[in-house]
Amino acid sequence: MDTKIELYHDNFQNFKRYNIPKAQLVIADIPYNIGVDAYASNPMWYQGGDNKNGESKLAKSSFFHTDGTFKIAEYMHFCNRLLRKEPKEKGQAPAMIVFCAFEQMQTVIDYGKKYGFEKSYPLFFTKNYSAQVLKANMKIVGATEFAVVLYRDKLPKFRNIGPDGNKHMVFNWFPWERDNRKEYPKIHPTQKPVGVLKRLIEVFTDPGDVVIDPVAGSGTTLRAAYESGRNAYGFEVDKNFYIAAMEKMIPGKKDGAEWPTNIPSSRTKTFPMPRLGGGCSIACLMPKLFAPNTALMSIQLLNIGMILN
């Protein structure tokens with residue numbers, strides 16, 4: 001069986017064009033609406049990271065020009081349409097995971113209820129570092145990420161088999177471990193670790209299931225889904241991030257499989273199903289949130305946009 005990956009340079013609202021199959025899991029990082037404070041507490045606010053040099057061109061700037069146009073109601077509508085219907089059997093229901101700022105969690109839950117997601121619970125992620133370098137000698141700094149799991153009625157599919165083949169309790173907090181940049185290059189300011197995404201995908205889906213990321217960004221969700229043996233579909237409206245994801249995050253050759261020669265405008269790519277390792281990694285789970293109180297420690301500018309180390 002082949003694992004399919006499709007990334008569309010389009011808005012998720014246009015999903016009907018692509019005949020996308022129903023998803024077992026929708027997972028995405030929505031904009032945090034931090035606007036011109038995107039680099040607050042980050043040394044990159046100043047030239048050379050030193051306030052003595054004055055503000056840099058990143059001061060009072062936002063990460064993305066598309067953040068202000070994101071409509072959460074349309075996102076919830078999309079998720080409700082794209083997720084599988086509630087199955088009769090237990091333990092097979094679909095779920096949606098939304099990564100957001102701490103202050104947005106209740107809003108996400110409230111909007112979810114308006115579109116049929118009556119139940120939810122939070123997820124928390126802990127880091128061993130903080131990007132709030134400029135606040136280090138002023139206050140306790142932020143080192144957490146947040147997400148909300150939403151579902152309609154029945155508890156979603158849950159897989160808690162560990163590497164030892166036994167079932168284990170899964171807590172609602174997870175360590176946040178950064179990716180190896182040689183393997184997973186940084187191409188998006190709020191990119192989430194592939195390892196964290198894999199853990200989420202392994203908990204809420206089975207191999208062969210469909211995972212959708214409506215705001216794909218760097219494409220790490222798609223990469224994580226592929227490497228976990230799931231089919232993945234994503235949308236990205238920003239041309240630079242779309243191109244970077246296609247070229248750097250979704251490899252052109254994997255397990256000996258070449259790209260198809262007749263790639264459509266969506267730049268569909270199909271790979272053989274990878275061989276899965278022994279059970280789930282108990283490493284981390286993922287959040288894709290760039291909370292208002294979280295900034296980035298370092299940043300590089302490439303021709304495709306901003307890339308963080």
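These exercises work through a predicted model, with local features needing pLDDT of at least 70, side-chain atom pairs counting only at pLDDT 80 or more, and totals for chains, interfaces and linings using all residues. Residues are numbered from 1 along each chain as its sequence is written, and side-chain values use heavy atoms, with hydrogens and water left out.

**Exercise 1. Describe the chain as a whole.**

Start with secondary structure. The protein chain holds five helices and 11 strands. Both are DSSP runs numbered from the N terminus: helices are H or I, at least four residues, and strands are E, at least two. Next, take burial. Of the 309 residues, 51% are buried (under 20% relative accessible area; exposed is over 50%, partly exposed in between; 1.4 Å probe, protein chains only). Then check the contacts (heavy atoms within 4.5 Å). Among those with a separation of 6 or more, 76% join residues 24 or more positions apart.

**Exercise 2. Find which residues of helix α2 are buried, and what covers them.**

Helix α2 spans residues 105-114. Its buried residues are Met 105, Val 108, Ile 109 and Gly 112. Look down the axis of α2: these residues fall within an arc of 100 degrees, so they line one face of the helix. The arc is that of the directions from the helix axis to the C-beta atoms. Now look for the cover. It includes α1 (72-82), β3 (95-99), β4 (119-126) and β5 (144-151). Finally, go past the helix end. Gly 116 follows α2 and has a positive phi, near 95 degrees.

**Exercise 3. Classify the ring pair Phe 99 and Phe 125, and place it in the fold.**

Rings of Phe, Tyr and Trp (its six-membered ring) pair if their centres lie within 6.5 Å; planes under 30 degrees apart count as stacked, over 60 as edge-to-face and the rest as tilted. The whole structure has 14 aromatic pairs. Phe 99 and Phe 125 are 6.2 Å apart centre to centre, with 55 degrees between the planes, and the pair is tilted. Phe 99 lies in β3 and Phe 125 in β4, so the pair ties together parts 26 residues apart in sequence. Both residues are buried.

**Exercise 4. Locate Asn 19 and judge its backbone and exposure.**

Asn 19 sits in the loop between β1 (2-8) and β2 (25-29). Its phi is positive, near 50 degrees, in a residue other than glycine. Most residues other than glycine have a negative phi. Asn 19 is exposed, with a relative accessible area of 71%.
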